[in-house]
Every structure is written in C-alpha cells, then in structure tokens.
Amino acid sequence: MTISDVSPRPADAGAPRPPLLEVTGLTKHFPITRGVLRRQIGAVKAVDGIDFTVAAGETLGLVGESGCGKTTTGRMLTRLEEPTGGRIVFDGRDITHLSVARMRPLRRDVQMVFQDPYSSLNPRHTVGTIVGAPYRLQSVKTEHGTKRAVQDLLERVGLSPEHYNRYPHEFSGGQRQRIGIARALALRPKLIVADEPVSALDVSIQAQVINLLEDLQDEFGLTYVVIAHDLSVVRHISDRVAVMYLGHIVEIGPRQAVYEKPQHPYTSALLSAVPVPDVTRRDNRERIRLQGDPPSPIDPPPACPFHTRCWKAQEVCRTVTPPLVEFAPGQRAACHFPENAPDGPYEPGTDSIVAPAS
Amino acid sequence: MNRPVEEWASLVPMEDDAPTAFLDVRDLRIHFPTDDGLVKSVDGLSFTLERGRTLGIVGESGSGKSVTSLGILGLHKGQHARISGQVWLDGEELVGASPEHVRRLRGKKMAMIFQDPLSAMHPFYKVGDQIVEAYRVHNEVSKKQARKHAIDMLGRVGIPQPSERVDDYPHQFSGGMRQRAMIAMALSCDPELLIADEPTTALDVTVQAQILDLVRELQSEFNSAVMVITHDLGVVAELADDILVMYAGKAVEQGSARELFTAAEHPYTWGLLSSMPRLDRDRQDRLVPIAGSPPSLINVPEGCAFHPRCRFCELSAPRSLTEVPVMTETSPGHRVACHLEPAERRRLWAEEVQPLL
C-alpha cells in the first residue's frame with residue numbers, strides 16, 4: 001500500500017481549503033415509545049440541526065457537556081447512527097443515507113477512535129487480528145502481507161512489532177488506545193473521528209497520545225474531528241472549535257478566537273469553569289458560575305436553548321431563536337447578546353461594521 | 001470528641017511520640033497477595049492532616065491513592081489485604097482497632113465521597129432513605145426528624161425542591177445531583193474527616209466548579225479535615241492547602257500547594273505539571289509527556305521506582321538504580337524523595353522545567 005496519494009497537510013492554516021466534510025442541518029431524534037404498540041410519545045432531540053464544515057487536513061474540536069449531542073454527532077459522521085434529517089457530504093459525496101453495502105467502500109476513508117480502550121477491543125482477539133481486521137474486511141492486498149503491514153503500524157503508533165500475538169488485556173490503557181489508533185489508521189483514512197480519545201487515560205499518558213495524534217496528522221495528512229469535554233485538550237489539538245449545547249452548535253470558530261474572545265455566554269462560562277493549576281490565582285479569578293444542570297433534550301427550552309441558565313437572558317431570548325451569525329472572521333455564534341462583539345456582526349469582504357441586527 | 005476510651009484501646013501499644021495531628025498516618029503499608037505475586041499498593045506512606053485543612057493526594061491510576069483512603073476508613077478489613085503501620089485519627093489508632101469499632105466511626109467521625117455516585121448509591125432505595133439510614137445509625141432520632149434532616153442536607157448541597165426530591169430514586173437524579181446527594185449523605189453526621197475520592201471526575205466542568213465550591217463552603221462551615229484524591233492537578237490547585245504526590249505506592253513529594261506549583265522538586269511532579277495542556281498559558285506546540293507507563297506494583301523497579309521513566313535518571317546514577325530514596329526535607333514543610341542533589345534539583349527546575357510550563 002502506498003501513501004503517495006495523500007496530500008501533505010497545508011502549512012498555512014489561514015488559506016481557504018476545500019471542505020472534506022460538509023454537514024448541513026444534521027438532526028438526530030431518538031423516539032420515545034410507550035405501550036404495546038410502541039406508539040411514539042416524544043423524542044430525545046440529541047442533535048437538532050447543526051451545520052459545519054471541516055477542511056482537509058484540519059482538526060475540528062467538538063466540545064460541550066455530557067448530553068449535548070457531541071458523541072451522537074460523531075457517530076452520525078461515521079454512519080454508526082442513522083441521521084433523522086440533514087445532509088452529510090463527505091469528499092463530494094452525499095453519504096447521509098447510504099446503505100450498509102454502499103457505505104462499505106467509504107469506510108476506508110472514514111474511521112473512528114473510541115473513548116474506552118477497554119471495551120472497544122475484542123478481548124478474545126490478538127492485537128494482530130484486531131489491527132489486521134480492516135485489511136481483511138476490505139480485502140486489501142498489502143505489499144508484504146498483512147502481518148508485515150500490521151507490524152509496521154504497531155511500530156508507527158509506538159508499540160513494538162512483537163506485540164502482534166498478544167491480547168488486549170496484556171496492555172495498559174495508553175497502549176490499548178494506541179492499538180485502537182493503529183486499527184483506525186490501517187486503511188490510511190482521510191477522516192478520523194476521535195470520540196474522547198484521551199479522557200480514559202492518565203495525564204502523563206494523555207500527553208503521549210495527543211502528541212501521537214498530531215504526528216500522525218502531519219505524516220499522513222489526516223483530518224480529525226475530535227470530540228472531547230476537556231477544554232484544554234481541545235485547545236491543544238484543534239484548529240477550529242465548535243461548542244455544542246443541547247443539540248445545537250452555539251459557537252464555532254478558529255481556536256484562538258473562541259478561546260480568547262468567546263462570543264457566546266455559554267463558551268465564556270465553560271472556559272471560566274475549568275480549574276486552573278495555578279495556586280496563586282485561586283482567589284482572584286473571575287468566575288462565571290452556571291446554576292443547575294442542562295435542561296432535558298426531550299423538552300428543550302424554546303428559542304435560545306441556553307436562556308434558562310444564561311445571566312444575560314432577556315425576553316427576546318425566550319421568543320426568538322438566535323441564528324449563527326459571524327461576529328469575527330470565521331467565528332460564528334448563536335446569541336442575541338454576544339460577549340465580545342460590541343460592534344455587531346462582522347461583514348465579510350469589507351472592513352466596515354454594520355449596525356447590530358434589531 | 002469525648003468518646004469513652006474503650007477497653008481494647010489500652011491493648012494497642014502506644015508509641016512514645018503521641019500524635020498531635022488530627023489525622024496521622026505512619027508508615028502505612030497495604031499489600032494484597034495475589035496468584036501473580038504480592039501487590040504492594042501502598043508501601044510505607046506517612047502524612048498528617050489537621051482540622052480545617054485540605055490535603056490533595058495526586059498520582060496516576062495504580063499509584064495507591066484510593067487504596068490509601070479505603071485503608072484509612074478500614075474498608076480493607078476482612079479482605080485479603082495485609083495492612084501494617086498506624087493510622088491515628090484524633091488520638092485513636094485505627095489499624096489495630098476492631099472492625100466493629102471502626103465501623104462505628106465511619107459515617108460519623110470520617111466519611112467518604114466516592115468517585116462514581118451511580119454505583120455508590122443503592123439503586124433500590126430512595127435517595128432520602130439512604131441519607132436517613134446513615135443519620136439514624138449515629139443519632140437517636142425519630143424517622144420524622146431524620147427525614148427532616150435529610151431534606152435540610154439536600155437543600156444545603158443545592159438540590160432544588162429538596163422536600164420532593166428526597167423521595168426520588170438515584171436514577172432520577174442527574175450526574176451532578178447524584179454527586180450532591182452523595183455529599184449530603186457524607187456530611188449528614190458532620191464528619192470531622194472527609195475523604196473525597198475523585199469527587200468530580202465523572203462530572204462536566206460547569207458542574208465540577210459547583211461541586212468544588214460546595215466542598216470549600218462546607219469545609220469552612222464544619223471545620224473538617226478534607227482529603228481530596230484526584231489525578232487532576234487543576235482540582236488540587238483549586239482546593240488543597242497541602243499536596244502529596246504518590247508514585248507506585250509511595251509518597252515522592254509533599255509540601256504546600258503553593259510550593260509544589262511554584263517550586264516542585266521531584267522529576268515526577270515536573271512530569272505531571274508539564275504533560276498537561278493548560279488553559280492559563282499560551283498554547284505549546286508539543287506537550288512534554290512522561291515516557292513509558294506506570295510500573296506494575298508486583299515488580300516495582302529497583303531503587304527509585306520512577307527511574308525507568310525519569311529524564312534525569314543518569315544524573316543520580318547509579319544510586320537511583322539500586323537505592324530507594326527516602327523522603328527528606330528540603331525546605332520547611334517540603335519533603336522530596338529523590339537522589340538528585342537539592343541544588344541540582346532547583347537548577348533543573350529553574351532552567352529546564354519551569355520555562356516550559
């Protein structure tokens with residue numbers, strides 16, 4: 001197998017890159033049924049109409065609290081979950097409702113790394129079988145045989161080729177996550193969706209795996225969608241960040257803009273809640289304390305989903321759904337009262353500032 | 001506490017230096033014999049903790065943090081654990097005490113907040129009934145009074161409509177609320193020692209911030225001694241007055257929180273500090289991980305247990321390969337177990353480690 005067809009990662013992050021993945025209005029509602037007839041009485045609106053694009057070679061981080069729909073989004077991108085509505089266009093092809101058989105060739109290009117390295121590897125298979133499975137399933141012939149290819153992969157992710165005949169239980173959590181990454185890399189995919197790739201690992205091991213993911217991206221020109229709840233990890237590996245709340249994207253933009261000048265109050269609240277390992281700043285930090293828990297996605301609040309916990313909420317937030325508006329170059333947020341945009345929405349193409357929307 | 005000294009207490013050999021600290025753990029060892037060999041989960045751990053103070057215990061999984069806390073609570077008794085050493089709580093020795101006596105202290109004198117509230121609470125019983133049960137074991141009150149107390153406690157920890165939620169089952173609570181209910185249960189008898197084992201690991205950041213605030217508030221109210229066990233240095237920095245860093249069942253560094261974050265001296269602590277991405281600093285291009293993985297507790301490396309992963313191992317070779325370093329005081333209240341010369345450690349911290357943080 002050659003990797004010469006993989007274009008290197010563009011060095012200039014600012015230049016426009018063709019989108020590898022385009023998601024529009026993506027929705028997933030899980031029905032709630034009751035009674036012998038399984039009549040539908042409601043739906044869990046896990047993902048409720050989200051739009052984003054991911055350019056080739058970039059990393060998009062998806063953050064949010066548990067239950068905000070970030071994992072469901074990741075599972076829809078890899079088609080492990082059937083979308084209820086919307087469109088997923090991957091590399092120019094609409095893959096939203098492809099059948100299992102027609103999806104299969106595309107699985108070479110889209111792979112997933114799972115959160116829990118303990119349950120995502122079959123305990124009865126050897127590492128060789130696990131990492132070699134993609135070759136067998138896709139009937140891919142490799143130059144020197146599958147075993148050699150698997151051993152190369154193991155070496156690439158920092159394991160040793162002798163591990164080929166071992167079983168998952170013989171490895172530590174960090175090593176298992178490396179096995180999962182090797183399996184995802186086997187077919188040289190274009191897109192890897194990583195769902196909480198490091199949250200089950202210790203801090204020291206976390207850094208090893210994050211560095212590995214970055215090295216592999218540079219080497220193979222991979223595109224990542226990384227789902228994580230740890231905001232410092234997301235800042236470290238993402239080029240762009242999308243913040244989700246209750247099935248909606250409330251803010252999306254370049255990493256630096258989102259972290260330094262967040263527009264949505266929810267983003268500000270999330271950032272200020274992160275404990276900072278700096279004792280000297282313990283007492284003089286300004287903090288935004290959100291009250292309570294996120295509302296239930298079965299019966300989300302009308303209009304702006306965040307208004308029940310937002311300290312800025314006014315009447316308009318309860319009645320008018322805020323659209324995703326561009327407030328700074330590339331940075332869009334769905335809020336009537338953005339945090340860092342005193343001059344209102346940003347008009348692309350011109351440097352003039354338009355008046356705030358009434 | 002003016003609990004009458006019971007008969008068995010006089011049988012325990014008293015040390016010459018009677019403990020003055022509220023909690024005094026001395027040379028605690030907890031070993032588990034297994035088919036593969038002896039697992040030395042905790043191997044000679046000593047520390048003290050005063051009332052009104054918070055001690056943070058930091059380390060990777062398998063470093064013996066949780067085993068230590070269960071050992072203090074006496075929850076290894078009756079299992080196959082081999083425990084030695086001493087745990088002095090408010091003038092009483094607990095390792096040699098009868099399980100029945102320790103059981104009576106548990107809940108009242110010392111209480112624990114567990115990591116995973118879903119598995120720590122009984123799914124068949126109402127949240128309120130579980131709090132009432134704990135309260136009535138230690139206090140002679142009527143069911144009605146106990147129920148009122150449970151509602152009070154739930155309200156105190158910030159559960160909305162406590163008089164209605166008291167009759168809910170654990171599964172009807174969200175993760176953050178379950179953790180609050182756990183805290184309410186642990187605090188229902190005003191414990192003097194509160195052990196929180198990864199209290200916020202299962203929670204989202206916004207809820208984590210609420211829980212950390214709550215622990216801080218309740219501590220100042222009850223003046224209890226708090227032990228926070230976590231792998232998250234951010235959580236420790238928020239809560240702890242003192243920090244104990246554990247590696248492979250032993251303490252490797254101990255000192256005030258300020259000291260450990262501004263002048264850490266053990267290479268493992270350096271590794272922990274530099275391997276985590278930090279929101280309060282500019283983004284680095286590369287993280288600096290600790291090489292390798294934590295050792296097996298059956299075959300702990302010879303000499304300094306950290307030497308196979310230590311960047312500075314050669315500087316103190318061959319001692320680091322053969323001799324187990326002991327905890328020595330480098331500045332008042334700051335103790336480190338490392339073979340490197342103190343001056344050399346400070347130079348490495350100032351020149352090689354701190355600039356990269």
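**Exercise 1.** What is the area buried between chain B and chain A, and what percentage of it do carbon and sulfur atoms give?

*Solution.* The model is predicted.
- Step 1: Take the quantity to be computed. Interface size is often quoted as the accessible area lost when the parts come together.
- Step 2: Between chain B and chain A, about 3900 Å² is buried. Carbon and sulfur atoms give 53% of that area.
- Step 3: Look for the main contributors on chain B. B:Glu238, B:Leu279 and B:Arg283 supply 19% of the area that chain B buries against chain A, more than any other three residues.
- Step 4: Count the residues in contact. Chain B brings 46 and chain A brings 40.

**Exercise 2.** Find the salt bridges and polar contacts between chain B and chain A, then describe the side of chain B that touches chain A.

*Solution.*
- Step 1: There are three salt bridges between the two chains. One of them can be tested against the 4 Å cut-off. A:Glu214 and B:Arg283 have their closest N and O atoms 3.6 Å apart, so the pair qualifies.
- Step 2: Polar contacts join 16 residue pairs across the two chains, both residues at pLDDT 80 or more.
- Step 3: On chain B, the elements giving two or more residues to this side are α8 (205–222), α9 (233–239), α10 (257–262) and α11 (267–275). α8(B) has the largest share, eight residues.
- Step 4: Sort the residues of this side by type: 21 are nonpolar, eleven polar and 14 charged.

**Exercise 3.** Which residues of helix α4 of chain B are buried, and which elements do they pack against?

*Solution.*
- Step 1: α4(B) covers residues 127–138. Its buried residues are B:Val127, B:Gly128, B:Gln130, B:Ile131, B:Val132 and B:Tyr135.
- Step 2: An α-helix has 3.6 residues a turn, so residues three or four places apart point the same way.
- Step 3: The buried residues of α4(B) pack against α5 (143–156) and α7 (175–187) of chain B.

Technical notes
Residues numbered from 1 in each chain as written. Chains lettered and ligands numbered in written order. Predicted model: local features only at pLDDT ≥ 70, side-chain atom pairs only at ≥ 80, totals over all residues. Heavy atoms only, no water. Contact = heavy atoms within 4.5 Å. Buried area = accessible area lost by both parts, 1.4 Å probe. Salt bridge = Lys/Arg side-chain N within 4 Å of Asp/Glu carboxyl O. Polar contact = N/O pair within 3.5 Å; in protein donor to acceptor, adjacent residues only side chain to side chain. Helix = DSSP H or I, 4+ residues; strand = E, 2+ residues; numbered from the N terminus. Nonpolar A, V, L, I, M, F, W, Y, C, P; charged D, E, K, R; others polar. Buried < 20%, exposed > 50% of the residue type's maximum accessible area, 1.4 Å probe, protein only.
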